[in-house]
Amino acid sequence: MTAKTVQTGAPVFTGPVLYEGTRIPSPVPSWVQVDPARREDGNVLQVNFGPNHPSTHGVLRLVVDLDGEEIVGMRAVIGYLHTGFEKSMEQKSWWKAINYPSRIDYLASFQNELLFVLAIEKLLGIEVPPKATWIRTALAELNRIHSHLVWLGTMGLELGVQSLYFYCFDKREQVLDLFEMVTGVRVHGRYCQAGGLAEDIPPGFVADARAFCRRMPKAIDEYEHMTQQNKMWQKRTQGIGVVSAEDAIRLGLSGPNLRGSGVNWDLRKREPYLFYDQVDFEVPVYERGDCYDRARVRIDEMRQSLQIAEQCLDQIEKMAGEPWIADDRKVVLPPREELQTSMEALIHHFKLVSEGYRVPAGEVYVAIEGPRGEQGCYVVSDGGAKPWRVHFRAPSFPTIAAAPALCQEHLIADLIAISASLDTLMGDSDR
Amino acid sequence: MGYERVPGLVSASEAVGETTLVVEREQLSEAALFLRDELSFNFLSDIAAADYLGWGGEVAGAWGSADGRDINVPYTLGPGLTPEPKPKRFSVSYHLLALRDDPLRVRLQTWLDEDERVASVVEIWPVADWLEREAYDLIGIIFEGHPNLVRVLMPEDWEGHPLRKDYPIGGEPVRFSEEV
């Protein structure tokens, strides 16, 4: 509590300077400063956009300097949703801490939960049965569709395509129904366990998921029609918020935002995890780096996710009756029915619930391709029953920091389109 | 992989499929520049700082005692664990990625004590701007040369760095209660 704080003072600016060969403002990459000469004219007005603005997807505050309608300065202020998840997780045993990550990025809830469990499994070196991995892959893709649907609906709302919102949320509800069927709740399922899954999938899930995958392509055609063939959508997104491939890499953009700038980079292909190396899919990449292309990447991605999910369902169907969790009694809870008859099982159950399992000492960084980009998790274990340190690489965090660089020299109305097309989530960035 | 040429390299180790390069604190920016320009680590994924106060001791999160079993004290069952001692109190880990056709990841790590500072890498990877502010905000690492090192997640007037191990959990300090 007595830690020293440094007073660095406000950064010194002499005018809008860019990092050499880039469009990244200097010296602070996340802060577009007003040209002092321009400020002297007296026409620059500072406006707070947010924190309570419907277009900020949560509580993001953008401090925007306007000259007329033109954005001449901008910085982002976050932290309104900071909940200290990383600190809380240090106080919980490993299996209790699995509850937290899904609350961080609540649209990619399953993927975040999966990410933390993958990190635990990497430290434990535990083998996961193939059926569990197939189910995880399928649910991860359904989760991606869910997240993209929420993004598309809200982006439509902001760009004046209001009916799109209802189309998207109708289908989103159907994805959530599938999650409810499997995990019992719509969003925060806590379905992953170290070593596999908490339960087997219920009967009827595969059929329902297949039905959804059949319905969905037609819906995606509709979304394409309502967006890419919509004059208003085109005008508000084409050529807006352009970021070059090099700048996108420097600014740490990842996922669809990077692929919209022409970088063919997808962790599912480049560093395959789960069973992504055994399924057939393509990575949509577009070149222009504007809002329009970022949106196109996500819409195309939904199609690919459906394709992956269908291939996973084929495999899951063949595996009826196979185990969904590893048979390691030092980590995995014993089957419920054994508790009635086996003393050993009862002891294991008691120890695992009261004390938790221990994870060997070490540090790992695991990264997966989330809907918003590279979701990473850095975990340090001291060999005990609680994580020593957990840190999440939230894809929205660098993306929000990059927003001012993208918005410079645009109009205030474009700000809405740019922040929507970046698909940031405040729960994710603030943690 | 040419890691032995990294400036200030202390050790290069491989564990659970991940490479960790520990470098001298004073030579961090040289090492970072070398990794970016010579070994093409063009993408900085993440900066993760960690506090190791009480590592292997009795701070919350630590596991057992060396004496073994004491059923009256929670989390002390089984043989005591003494994890490898750490060189200093704080670590800062830079997770680097070579974003190209044959991707590669490496963890660049440096260690520092409470009164020590580490050079900022904002000019090498602009994404480090907020990542370093976060490490400063939550752990209290001071990055020398950062153009705008202020809090990013906690309120500006917050005292202390919440993710330090000596920062209490379970309640915020109560105003006007110090002199009671």
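User: Which residues of helix 7 of chain A are buried?

Analyst: This is a predicted model, where local features need pLDDT of at least 70, side-chain atom pairs count only at pLDDT 80 or more, and totals for chains, interfaces and linings use all residues. Side-chain values use heavy atoms, with hydrogens and water left out, residues are numbered from 1 along each chain as its sequence is written, and chains are lettered from A and ligands numbered from 1 in the order in which they are written. Buried means under 20% relative accessible area, exposed over 50% and partly exposed in between (1.4 Å probe, protein chains only), while helices (H or I, at least four residues) and strands (E, at least two) are DSSP runs numbered from the N terminus. By that cut-off the buried ones in helix 7 of chain A are Leu164(A), Cys168(A), Lys171(A), Arg172(A), Gln174(A), Val175(A), Leu176(A), Leu178(A), Phe179(A), Val182(A) and Thr183(A).

User: What do those buried residues of helix 7 of chain A pack against?

Analyst: Contact here means heavy atoms within 4.5 Å. On that basis, the buried residues of helix 7 of chain A pack against helix 5 (109-124), helix 6 (130-158), helix 8 (205-227) and helix 9 (231-237) of chain A.

User: How far apart are the end C-alpha atoms of helix 7 of chain A?

Analyst: The expected span of a helix is 1.5 Å times one less than its number of residues. For the 22 residues of helix 7 (residues 162-183) of chain A that gives 32 Å, and the model agrees, with the end C-alpha atoms 31 Å apart.

User: Which residue follows helix 7 of chain A, and what is its phi?

Analyst: Look just past the helix end for a glycine with a positive phi. Helix 7 of chain A is followed by Gly184(A), with phi near 100°.

User: How many bridges join strand 5 of chain A to strand 6 of chain A?

Analyst: Two strands pair if DSSP finds at least two bridges between them. Strand 6 (residues 70-77) of chain A has 6 of its 8 residues buried, and strand 3 (residues 31-32) of chain A runs antiparallel to strand 6 with 2 bridges, Val32(A) standing opposite Met74(A). Strand 5 (residues 61-67) of chain A makes a hairpin with strand 6, with 2 residues between them, and Leu62(A) has Ala76(A) as its bridge partner. That antiparallel pairing of strands 5 and 6 of chain A counts 7 bridges.

User: Which cysteine sulfur is nearest to that of Cys407(A)?

Analyst: A disulfide is a pair of cysteine sulfur atoms within 2.5 Å, and the search over all chains finds 0. Cys407(A) is in no disulfide, and at 1% relative accessible area Cys407(A) is buried. At 8.3 Å, the nearest cysteine sulfur is that of Cys291(A).

User: Which strands stand at the edges of the chain B sheet?

Analyst: The sheet is open, with 5 strands in the order 1-2-5-4-3 and mixed pairing. Two of its strands have a single partner strand each, so one side of each is left without a neighbour in the sheet. They are strand 1 (9-15) and strand 3 (43-51) of chain B.

User: Is Glu134(B) buried or exposed?

Analyst: Glu134(B) is found in helix 2 of chain B. Leaving aside neighbours within four places in sequence, its contacts include Glu86(A), His391(A), Phe397(A) and Arg431(A). With 3% relative accessibility, Glu134(B) counts as buried.
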